[in-house]
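Here is an informal walk through one protein model and its ligand. Keep the structure open beside you and follow along.

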Amino acid sequence: PSIVGSDGSGIVEKVGDEVVNSFLNNEVIINPGINWGDNQNVQKADFKILGLPDDGTFAQYVKVNQKYVYPKPANLSFEEAAAIPLSGLTAYRALFSRANIQKGDKVLISGIGGGTALFAFQFAIAFGAEVYVTSGSDEKINKAIEMGAKGGVNYKNENWEKEFKVTFDVIVDSAAGDGFAKLVDLASPGGRIVFYGGTKGIINNINPQKVFWKQISILGSTMGSDKDFKDMLYFIEKHNIKPVVDKVYNFEQAQEAIERMANADQFGKIVLNF
Ligand SMILES: NC(=O)c1ccc[n+]([C@@H]2O[C@H](COP(=O)([O-])OP(=O)(O)OC[C@H]3O[C@@H](n4cnc5c(N)ncnc54)[C@H](OP(=O)(O)O)[C@@H]3O)[C@@H](O)[C@H]2O)c1
């Protein structure tokens, strides 16, 4: 058995022999992407994620190599900082390192209820993009509009893609599946569609002509490099971004927290306090 959990923020209570003592008592946040390596394009073959198979963060104490530990952004509480690592990193790389988002781009974030989607949304708005969303919940769309979205459409509606009156320079997705073809329709000429998940499974129905004629780039993305993590923390501090924390549970309520996530009731990250 191993202790799961990739995200974490806390205080350094003990250091190894080769780590300077001044590191003790620092308020820190953990990069869960272990062994990315030096290539910014792709991770090394032995890349792994904190929490599997090594013991992760669902515990009072976690042991990680010092190089994966960064100062906690000063503008954030521990609960807010703990919400960032894996999702924030994935969102940052997808938008900036992969899709090469530009100021003023029209951006579509699908499934705004997703943890990573919400970070991508906040980052794109802070960067100066014009951001739209989809969701299976009108309530979540309205929340996104309150947070600065220009508009949103419920992907459960038939022909939902026709409800958008604009096309997009950048589309961020984690659903894939048959709905992905609609994202190709919604991409502007020269658009970039980046995806990091496959909740809805295999994509069987893309019309190649739409992709090559519109010069669309379809980009896969996974977590991020050490540089992406550092750049993301800088970006969060610079723009004073507050992660959306749906609810904080004590560790004893972990089962309840996981059920809330399984029901997709949350808007934002669910955090466990130890
Ligand atoms: N490659 C990586 O590095 C990486 C990193 C993180 C996550 N992932 C993967 O990405 C996926 C999402 O993970 P997550 O933790 O960010 O999300 P999550 O919190 O599990 O949420 C998933 C969201 O997907 C949305 N969704 C469901 N059906 C959809 C559809 N047909 N079209 C568009 N959106 C739909 C829902 O949004 P609404 O509630 O708004 O309807 C739901 O809230 C998972 O498959 C996960 O394994 C990969």
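Let's start at the ligand: 24 residues surround it, and the closest are Gly 113, Ser 135, Gly 136, Tyr 155 and Met 223. Bear in mind throughout that this is a predicted model.

**Around the ligand**

What is the make-up of that shell, counted as nonpolar, polar and charged residues? The split is six nonpolar, 16 polar and two charged. Two helices take part in the shell with at least two residues each: α2 (85–98) and α3 (115–127).

Here are some polar contacts with oxygen atoms of the ligand.

| Residue | Atom on the protein side | Distance to a ligand oxygen |
|---|---|---|
| Ser 135 | polar side-chain atom | 2.6 Å |
| Lys 140 | polar side-chain atom | 3.0 Å |
| Gly 114 | polar backbone atom | 3.5 Å |

How much of the ligand's accessible area does the protein cover? On its own the ligand has 910 Å² of accessible area, and the protein covers 72% of that.

Met 223 deserves a second look, since it is listed among the closest residues to the ligand. Its phi is near 35°, a positive value in a residue other than glycine. You'll find Met 223 in the loop between β11 (217–220) and α7 (226–238). Is Met 223 buried or exposed? With a relative accessible area of 4%, Met 223 falls under the 20% cut-off and so counts as buried.

**Another positive phi**

Asn 100 is not a glycine either, yet it has a positive phi of about 50°. Asn 100 sits in the loop between α2 and β6 (106–109). Its relative accessibility is 46%, so Asn 100 counts as partly exposed.

**The loop between β4 and β5**

Now scroll to the loop between β4 (48–49) and β5 (69–71), where Phe 58 lies. Pro 53 is found in this loop too, and the peptide bond that joins Leu 52 to Pro 53 is cis, with omega about 0°.

Asp 55 is another resident of the loop between β4 and β5. At a relative accessible area of 41%, Asp 55 is partly exposed. How far is the C-alpha atom of Asp 55 from that of Asp 7? The two C-alpha atoms are separated by 12 Å, while the residues are 48 apart along the chain.

Back to Phe 58, which is partly exposed with a relative accessible area of 34%. Why can Phe 58 be part of a surface patch? A patch takes residues with over 30% relative accessible area, and Phe 58 at 34% qualifies on that count. The nonpolar patch in question covers about 590 Å² and is made by Phe 58 together with Ile 3, Val 4, Phe 251, Ile 258, Met 261 and Phe 274.

**Salt bridges**

How many salt bridges does a search of the whole structure find? The answer is 11, and a few of them are worth clicking on.

Take Lys 72 and Glu 27, whose side chains meet with an N to O distance of 3.5 Å. This pair links distant parts of the chain, 45 residues apart: Lys 72 is in the loop between β5 and α1 (78–82), and Glu 27 is in strand β2 (residues 27–30). The two ends are not equally accessible: Lys 72 is buried, with a relative accessible area of 12%, whereas Glu 27 is partly exposed at 42%.

The salt bridge between Lys 210 and Asp 185 has an N to O distance of 2.7 Å. Here again distant parts of the chain are linked: Lys 210 belongs to helix α6 (residues 208–213) and Asp 185 to helix α5 (residues 180–186), 25 residues apart. As for accessibility, Lys 210 is partly exposed with a relative accessible area of 34%, and Asp 185 is partly exposed at 32%.

Finally, look at Lys 44 and Asp 46, a salt bridge in which the closest N and O atoms are 3.9 Å apart. That distance is within the 4 Å cut-off, so the pair counts as a salt bridge. Lys 44 is partly exposed with a relative accessible area of 43%, and Asp 46 is also partly exposed, at 43% relative accessibility.

Technical notes. Residues numbered from 1 in each chain as written. Predicted model: local features only at pLDDT ≥ 70, side-chain atom pairs only at ≥ 80, totals over all residues. Heavy atoms only, no water. Patch = residues over 30% accessible without salt bridge, like charges linked within 9 Å, V, L, I, M, F, W, Y side chains within 5 Å. Areas by Shrake-Rupley, 256 points an atom, 1.4 Å probe, with all protein chains shown as cover. Helix = DSSP H or I, 4+ residues; strand = E, 2+ residues; numbered from the N terminus. Buried < 20%, exposed > 50% of the residue type's maximum accessible area, 1.4 Å probe, protein only. Near = heavy atom within 4 Å. Polar contact = N/O pair within 3.5 Å; in protein donor to acceptor, adjacent residues only side chain to side chain. Nonpolar A, V, L, I, M, F, W, Y, C, P; charged D, E, K, R; others polar.
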